[in-house]
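Here are a few exercises on salt bridges and burial. Grab a pencil and work through each task before you read its solution.

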Amino acid sequence: MSELEHELVALGRALAVPVQPDLTPRVLAAIGTRPAAPGRRRLVLALAVLALAALLATLAIPDASSALLRFLQIGGARIELVDELPAVSSSPPELELTLGQRVSLDEARQRTAFELLELDQAPDSVYLGERDTVWFVYGLPDAPRLLVAQTPELEIDEPFILKKLAAAGTRVERVSVRGKPAYFLSGEPHAVVLVDEYGVAITDSARLARDVLVWDEDGRTVRLEGDLTMAAAVEIAEALR
Amino acid sequence: MEDRPPTDAVLAERARAGDEHAFAELVRAYQGMAFRAAYLLTGSAADAEEAAQVAFVKAWSALPRFRRGAEFRPWLLRIVANEAHNRRRSAQRRDGLTLRAVADHASGGVVPSPEATVVDDERRQELRAAVNRLDERDRDVLACRYFLELSEQETAEVLGVRRGTVKSRTARALERLRGEVAP
């Protein structure tokens, strides 16, 4: 450990932290009695299957039975089919705030632990966001023509990092990007909600998304978002290198 | 023969099965660290208290998905960090928060640590100011590694990144810090 690191440890130990009350009584009052783990999991799974089964009949999803088996999950993104979208503002306060910290393209290349997929045309702006997501923005940040997001999967145990809620009116189509399975969501805007690894929504991340192509590319989840036809989205996706 | 207190693994397994008393033991054992971590990440005692409390409640709900044999501490701190980040984002207070605790050293209601004399005031303030000038990611990784004294693997789990990312992020943050402070 270097001298600077020793100094940081000493500084950390010198930090003054306010006196905190004992949280135990409040935590115990807030938690309800929970059944043992396996039973609860089975119940949740059963409810999820029932909900999907009921909805598949009304949604335009080709190959419905296989989609059900996969739960429409691609990489770290889960597409959940619901009968009603949550209340999400169609004009979120500031898209830029939800994207993360603005950096240069070179800095993004240096700071990410994975090789970025890029188009020939450089993005107009680049952001580093939650869950190590790198965002390429084409156009103005508040009115982008195209968003490209790349989120690496993590080594820790997590079911998904991004939840897309699609209701009737949103078409979900299975397509292929360089031979890899992908989903294209189009039609009515769908809700995008970042979730933590416990499936709990990060409340202020919710927003409505336009047409989106999502797929898994060598351990990262890639999303293209914009006013795109499916063919155009796939063409752009396959141009990412 | 003297009874040994149950380990985290034993308590977590009991709590996972629905034992509230076992979970209460875990809350008592880790609430200090949870609050400290949340305070470092939010810079607000009120936000930290709320984040820690909500994190424990979420941990209880998420215990069925806690992997047997996994370490409880980083798993819990990951939830705490998420809650703290949520509050930081909600308040849109993106900068200058992580180490406000140091600036508050002389304010009321705080307990100075005996190690406070290890780094003299001037150097400590210089370091604090330099860390505050770093971006959020750099501050978070330094807070985990040096202020909470977590291992690289624990930091990776808390911040939700790979261990290699922690290593490279820490090296870059230290390099930037060296450029900001006198040797």
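**Exercise 1: a pair within one helix**

Task: place B:Glu126 and B:Arg123 in the secondary structure, then describe how they pair.

Solution. Start with location: B:Glu126 and B:Arg123 share helix H6 (residues 121-133) of chain B, three residues apart, about one turn of the helix; helices are DSSP runs of H or I, at least four residues long, numbered from the N terminus. Next, the pairing: the two form a salt bridge, with their closest N and O atoms 3.1 Å apart. The term means a side-chain nitrogen of Lys or Arg within 4 Å of a carboxyl oxygen of Asp or Glu. Then widen the view: A:Glu7 joins B:Arg123 and B:Glu126 in a network of salt bridges.

Before going on, note that this is a predicted model, where local features need pLDDT of at least 70 and side-chain atom pairs need 80 or more, while totals for chains, interfaces and linings use all residues. Residues are numbered from 1 along each chain as written, chains are lettered from A and ligands numbered from 1 in written order, and side-chain values use heavy atoms, without hydrogens or water.

**Exercise 2: a pair between helices**

Task: find which helices the B:Lys58 and B:Glu83 pair links, and decide whether each residue is buried or exposed.

Solution. First, the side chains of B:Lys58 and B:Glu83 meet in a salt bridge (2.5 Å, N to O). The pair links distant parts of the chain, 25 residues apart: B:Lys58 sits in helix H3 (residues 45-62) of chain B and B:Glu83 in helix H4 (residues 72-90) of chain B. Finally, B:Lys58 is buried at 18% relative accessibility, and B:Glu83 is buried at 3%; buried means under 20% relative accessible area, exposed over 50%, partly exposed in between (1.4 Å probe, protein chains only).

Notes. Helix = DSSP H or I, 4+ residues; strand = E, 2+ residues; numbered from the N terminus.
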